[in-house]
Amino acid sequence: MLTISLIWGIVVAICCCLWLITGIRRRRMGEPPLENGLIPYVGCALQFGANPLEFLRINKRKYGHIFTCKLMGKYVHFITNPFSYTTVMRHGKYFDSKKFNLAASAKAFGHRSIDPSDGNTTENVHETFIRTLQGDALNSLSEAMMENLQYVMRPPGLSKTNPDSWVTEGMYSFCNKVMFEAGYLTLFGKDLTRQEAQRTSILNNLDNFKQFDKIFPALVAGLPIHVFKNAHNAREKLAEDLKHENLQKRDNISELITTRMFLNDTLSTFDDMEKAKTHLALLWAAQANTLPATFWCLFHTIRSSEAMKMATEEVRKTLEKSGQKISFEGKPISLSQMQLNDMPVLDSIIKEALRLSSASLNIRPAKEDFTLHLEEGSYNIRKDDIIAIYPQLLHLDPEIYPDPLTFKYDRYLDENGKPKNSFYCNGIKLKYYYMPFGWGLTMCPGRLFAVSEIKQFLILMLSYFEMQLVDSQVKCPPLDQSRVGLGILPPTNDIEFKYRLKYLM
Ligand code: HEM
């Protein structure tokens with residue numbers, strides 16, 4: 001017995017020595033200050049995950065504007081000075097972010113690589129995203145979304161319901177239902193032959209989507225999906241509905257999806273299920289941040305009487321200018337992209353709600369050893385290390401945004417009510433002050449559509465419904481930190497609100 005314990009003791013001691021010799025990185029000359037953390041492999045990931053903002057603020061105070069932390073086996077160099085972001089971007093030739101994003105997608109959604117360098121396709125995925133989500137494609141997407149939102153919000157017979165009757169519901173669950181169904185129909189089209197069954201099936205998909213999204217941070221951290229049986233089933237069911245045999249029954253599929261369905265070369269070596277999983281990746285990108293973002297925009301609008309008043313007035317004026325009258329029986333509301341773009345109050349509300357709820361981690365893996373030249377000095381970076389920016393540091397910096405935790409509907413408006421683009425830190429104008437959609441080459445290609453669809457949702461809610469919080473004094477719910485790094489954080493708890501049809505002629 002004693003011998004076995006002794007052998008185990010020696011094995012553990014040797015492992016510890018090996019880890020100390022090989023597992024702990026030692027800072028070399030010219031490298032940023034380094035935090036290895038105490039736990040092998042995990043490094044500082046637990047402290048970072050528990051409260052990233054606080055963790056980064058503490059390290060910034062300790063080390064200055066750039067420092068390195070070991071997180072799940074990777075060495076991450078955090079850049080915390082917003083004036084350095086432009087300089088970091090100039091080092092683009094040393095970064096390999098597209099490769100990293102494509103590999104993460106393949107792992108999480110379970111399809112083979114769609115990185116051209118792996119030979120399955122010659123498609124430049126990012127260019128396809130820009131072509132099918134911006135410019136003319138954005139006009140068609142927005143038009144379809146406005147129609148679908150009203151299809152979901154104004155079911156036949158709605159106008160006959162008693163306008164006096166309030167419906168009480170969780171606001172987050174309401175936003176999820178409406179935006180998921182309308183967004184799903186906009187991306188993947190409508191099956192006109194089975195509209196009721198289609199609604200049930202999309203709402204089932206929403207449940208599966210939520211189950212899958214819950215474990216998404218674990219997948220990104222490197223855990224295999226098979227560990228999560230229910231989420232794995234949910235992912236497979238979601239993909240099943242997106243197989244080509246099912247999509248071919250649908251009308252008005254967006255260009256984002258048809259481009260991938262009918263391109264010969266792209267994905268031609270993938271089977272139907274694998275192709276469906278690449279569509280699922282797009283469904284996730286289009287919904288995972290938009291759903292919580294929509295909640296925060298509606299919540300803050302209803303909670304601030306001034307925001308509500310100014311937003312309602314802007315919507316009224318926009319509809320009046322476009323010569324439209326709101327009615328349940330008449331034509332659905334339709335606004336061009338140009339008319340939507342000319343709504344500074346709603347823009348400011350959306351920006352402010354996203355500033356308060358966004359917690360994305362923007363990362364750039366290094367392709368090779370290089371020297372990062374910043375205003376505060378030059379730093380050697382090793383191949384495969386990661387350069388990271390955490391925009392929440394910027395979004396909640398009281399120097400840039402006074403009283404940073406308070407929602408101010410007009411924070412992004414100037415004294416003339418026009419969009420405000422000048423924000424300062426230490427008296428110097430910032431180029432980057434708002435980054436929920438990332439930065440540089442991989443910046444979210446769906447950002448214009450995202451803002452448009454949230455704006456359309458607000459326009460329709462303000463036009464058709466009277467809304468109230470059940471508890472008018474309700475506190476702002478805390479942000480659910482489990483999605484930190486991925487984008488917009490959802491609320492930890494839902495908020496009850498009630499709504500009823502406006503009296504419309
Ligand atoms: C409020 C809503 C949204 C937020 C906050 C958001 C944010 C982001 C962020 C932070 C990234 C990563 C950028 C980077 O790696 O630097 C991203 C990527 C992406 N987003 Fe969005 N997004 C939103 C809505 C949408 C929508 C509606 C779509 C499409 C319909 C979309 C499509 C994409 C795609 C395809 C990528 C991957 C780009 C690539 O890897 O090349 N997003 N988004």
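**Strand pairing, helix packing and the iron site**

Strands β7 and β8 form a hairpin, with 2 residues between them. The model is a predicted one. In this hairpin, β7 covers residues 370-374 and β8 covers residues 377-381, and the two strands pair in the antiparallel sense over 5 bridges. Leu 372 of the pair stands opposite Tyr 379 in β8.

An open sheet of 5 strands is present, with the order β1-β2-β3-β9-β6 and mixed pairing. Its edge strands are β1 (34-35) and β6 (362-365), each of which pairs on one side only. Within this sheet, strand β2 (residues 66-71) and strand β3 (residues 74-79) run antiparallel and are joined by 6 bridges. Phe 67 stands opposite Phe 78 in β3. Helix α3, formed by residues 52-63, lies across β1, β2 and β3, and runs at about 135° to β2.

A further open sheet is formed by 3 strands in the order β4-β14-β12, with antiparallel pairing. Strands β4 (167-170) and β12 (465-469) stand at the edges; each has a single partner strand, so one side of each is left without a neighbour in the sheet. From one strand to the next, the twist averages 30°. The pairing of β4 with strand β14 (residues 496-501) is antiparallel and extends over 4 bridges. One position in this pairing is Thr 168, whose bridge partner in β14 is Lys 498. Helix α20, comprising residues 447-464, packs on the sheet and touches β12 and β14. The direction of α20 makes about 100° with that of β12.

The loop between β11 (428-429) and α20 contains Cys 444. The SG atom of Cys 444 is the only protein donor of the iron atom of the ligand, at 2.3 Å. The helix that packs on β12 and β14 is thus also one of the two elements that bound the loop of Cys 444.

Two helix pairs were examined for their packing. In one pair, helix α8 (residues 171-188) and helix α14 (residues 272-287) have axes that come within 11 Å and cross at roughly 135°. The two helices are therefore oblique to each other, and their crossing is right-handed. On the α8 side, the contact is made by Met 179, Phe 180, Gly 183, Tyr 184, Leu 187 and Phe 188. On the α14 side, the contact residues are His 279, Leu 282, Leu 283, Ala 286 and Gln 287. By class, the residues of this contact divide into 8 nonpolar, 3 polar and no charged.

In the other pair, the axes of helix α15 (residues 290-303) and helix α18 (residues 344-357) come within 9 Å, and the crossing angle is roughly 115°. Helix α15 passes α18 in a right-handed crossing. Helix α15 contributes Ala 293, Trp 296, Cys 297, His 300 and Thr 301 to the contact. From α18, the contact involves Ile 349, Ile 350, Ala 353, Leu 354, Leu 356 and Ser 357. The residues of the contact of α15 with α18 comprise 8 nonpolar, 3 polar and no charged.

Key. Residues are numbered from 1 along each chain as its sequence is written. This is a predicted model: local features need pLDDT of at least 70, side-chain atom pairs count only at pLDDT 80 or more; totals for chains, interfaces and linings use all residues. Side-chain values use heavy atoms; hydrogens and water are left out. Two strands pair if DSSP finds at least two bridges between them. Axes are lines fitted to C-alpha atoms, for helices over the stretch in contact, and angles run from 0 to 180 degrees between N-to-C directions. Contact means heavy atoms within 4.5 Å. Angles under 35 degrees count as roughly parallel, over 145 as roughly antiparallel, 65 to 115 as roughly perpendicular and the rest as oblique. A crossing is left-handed if the near helix is turned anticlockwise from the far one by less than a right angle, and right-handed if clockwise. Ala, Val, Leu, Ile, Met, Phe, Trp, Tyr, Cys and Pro count as nonpolar, Asp, Glu, Lys and Arg as charged, and the others, Gly among them, as polar. Donors are N, O and S atoms within 2.8 Å of the metal (3.2 Å for Na, K and Ca); water is not among the atoms, so sites may look incomplete.
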